[in-house]
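Reader: Hey, I've got this model open and I'm a bit lost. Can you walk me through it?
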Amino acid sequence: GDLSLGFATDSSSDWGLSASMAIAGFGVSTVFGSSSADDHSKSGITYSVTASTALNGFGLSIGFDEALEPTVGVTYDLGGLSLYAGYDADDEGGSIGAKLSF
């Protein structure tokens, strides 16, 4: 399968680590990181995990973050036109749309 790893840091000592793996049409990706305390924001370790798959033009992804807030996404590819719908509990909303590529 495919395996990808990444690491980043910045001048305020925040860091991030990402990893993803794909096998037989299924994928899993994770992101771990730290954030320093800014005004009106939380600090500490953050993470998210997402699992995805695609079959016959349909795609499905399901994930959650450190607060166990879910995200769900569905796509359908019609060649140059891609339809999508998603919901993110952290953003308290979702989106529906289409993307035309040529």
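Reader: Ok, which residue in S4 is the bridge partner of Ser-29?
Author: That's Thr-50. Before we go on, this is a predicted model: local features need pLDDT of at least 70, side-chain atom pairs count only at pLDDT 80 or more, and totals for chains, interfaces and linings use all residues. Residues are numbered from 1 along each chain as its sequence is written, and side-chain values use heavy atoms, with hydrogens and water left out.
Reader: Cool. How many bridges join strand S3 to strand S4?
Author: There are 10, between residues 26-35 and residues 44-55, and the two strands run antiparallel. Strands here are DSSP runs of E, at least two residues, and helices are runs of H or I, at least four residues, numbered from the N terminus. Two strands pair if DSSP finds at least two bridges between them.
Reader: What holds paired strands together?
Author: Strands of a sheet pair through backbone hydrogen bonds, either parallel or antiparallel.
Reader: And Thr-30, buried or exposed?
Author: Buried, with a relative accessible area of 17%. Buried means under 20%, exposed over 50%, and partly exposed in between (1.4 Å probe, protein chains only). Thr-30 sits in strand S3 and touches Leu-17, Ser-18, Ala-19, Ser-48 and Val-49, leaving out residues up to four places away in sequence. Contact means heavy atoms within 4.5 Å.
Reader: Switching to Thr-53, what is it in contact with?
Author: Beyond its neighbours within four places in sequence, Thr-53 contacts Gly-25, Phe-26, Phe-58, Gly-59 and Leu-60. Its side chain reaches the backbone oxygen of Gly-25 at 2.9 Å. Thr-53 belongs to strand S4 and is partly exposed, at 27% relative accessible area.
Reader: Zooming out, in what order do the strands sit in the sheet?
Author: Eight strands form an open sheet, S1-S2-S3-S4-S5-S6-S7-S8, with antiparallel pairing. The edge strands are S1 (2-9) and S8 (93-100), and each pairs on one side only.
Reader: How many helices does the protein have?
Author: Zero, alongside eight strands. The protein is also more spread out than a compact globule, because its radius of gyration is 16 Å, well over the 13 Å that the globule rule gives for 102 residues. That radius is taken over C-alpha atoms, and the rule is 2.2 Å times the number of residues to the power 0.38.
Reader: What share of the residues count as buried?
Author: 10% of the 102 residues.

Technical notes. A polar contact is a pair of N or O atoms within 3.5 Å; within protein, one must be able to donate a hydrogen and the other to accept it, and residues adjacent in sequence count only if both atoms are side-chain atoms.
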